[in-house]
Amino acid sequence: QVQLVESGGGLVQAGGSLGLSCAASGRPFRSYAMGWFRQALGKEREFVAAINWSADSTYYADSVKGRFTISRGNPKNTVYLQMNSLKIEDTAVYYCALQYGSWNNRPGYWGQGTQVTVSS
């Protein structure tokens, strides 16, 4: 069973930066893409960013383009989300996600979530 564990959430002032990380364990048996979603209070979960297995393709929501950067670690079971120029509307619980094969926004595995709060 694949498990995802996020870390790095917290409280930051608007305009600041924060980094999230996520590690996959449980020996996924083939290549997989990884991504991040977020869910603000009272809203639906939304896609944030994703990266493929080889890290040569990345995907971003329009709302975070130019501010957030997703990357993959070495070994490849770790994914990072660097968030810069944070806005109050970025406040949400951020979830790591894993999808076997190519990313198509339908991950099969989720982390437990980590809270990111951006204050004014």
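# Close-up views of an eleven-strand chain

**View 1. A disulfide joins Cys22 to Cys96, with the two sulfur atoms 2.1 Å apart.** This is a predicted model, and a search through the whole structure turns up one disulfide. Cys22 belongs to strand β3 (residues 18-25) and Cys96 to strand β9 (residues 92-100), so the pair links distant parts of the chain, 74 residues apart. If you like to check torsions, look along the S-S bond of Cys22 and Cys96: the angle is about -85 degrees, and the disulfide is therefore left-handed. Both ends can be judged against the cut-off for buried residues, which is under 20% relative accessible area. Cys22 has 1% relative accessibility and so counts as buried. Cys96, at 0%, counts as buried too.

**View 2. The peptide bond from Asn74 to Pro75 is cis.** Here omega is near 10 degrees, a value worth having at hand when you inspect the backbone of this stretch. Where does Pro75 lie? Pro75 sits in the loop that runs between β7 (68-72) and β8 (78-83).

**View 3. Ala55 has a positive phi although this residue is not a glycine.** The angle is near 65 degrees. Ala55 is part of the loop between β5 (46-51) and β6 (58-60). Is Ala55 buried or exposed? Neither label fits: with a relative accessibility of 38%, Ala55 counts as partly exposed, because that class covers the range between the 20% and 50% limits.

**View 4. Ser85 is a non-glycine residue with positive phi.** Its phi is near 50 degrees. The loop that holds Ser85 connects β8 and β9. At 40% relative accessibility, Ser85 counts as partly exposed.

**View 5. Ser102 and Asn52 come within 6.3 Å of each other, C-alpha to C-alpha.** In sequence the two residues are 50 positions apart. Ser102 is located in the loop between β9 and β10 (109-110). Because its relative accessibility is 60%, Ser102 counts as exposed, the cut-off for that label being over 50%.

**View 6. The whole chain, for orientation, has eleven strands and zero helices.** Followed along the sequence, the pattern is β-β-β-β-β-β-β-β-β-β-β. The radius of gyration is 13 Å, close to the 14 Å that the globule rule gives for 120 residues, so the chain is as compact as a globular protein of that length. Along the principal axes, the C-alpha atoms fill a box of roughly 45 × 25 × 25 Å. How much of the chain is buried? Of the 120 residues, 43% count as such. Among contacts with a separation of 6 or more, 55% are between residues 24 or more positions apart.

**View 7. The surface of the chain exposes about 6,300 Å².** Carbon and sulfur atoms supply 47% of that area. As for charge, the chain carries 11 positive and 7 negative side chains. The centres of these two sets lie 7 Å apart.

How values were computed:
Residues numbered from 1 in each chain as written. Predicted model: local features only at pLDDT ≥ 70, side-chain atom pairs only at ≥ 80, totals over all residues. Heavy atoms only, no water. Helix = DSSP H or I, 4+ residues; strand = E, 2+ residues; numbered from the N terminus. Rg over C-alpha atoms; globule rule 2.2 N^0.38 Å. Buried < 20%, exposed > 50% of the residue type's maximum accessible area, 1.4 Å probe, protein only. Contact = heavy atoms within 4.5 Å. Areas by Shrake-Rupley, 256 points an atom, 1.4 Å probe, with all protein chains shown as cover. Lys, Arg positive; Asp, Glu negative; His and termini not counted. Charge placed at Lys NZ, Arg CZ, Asp CG, Glu CD. Disulfide = S-S within 2.5 Å.
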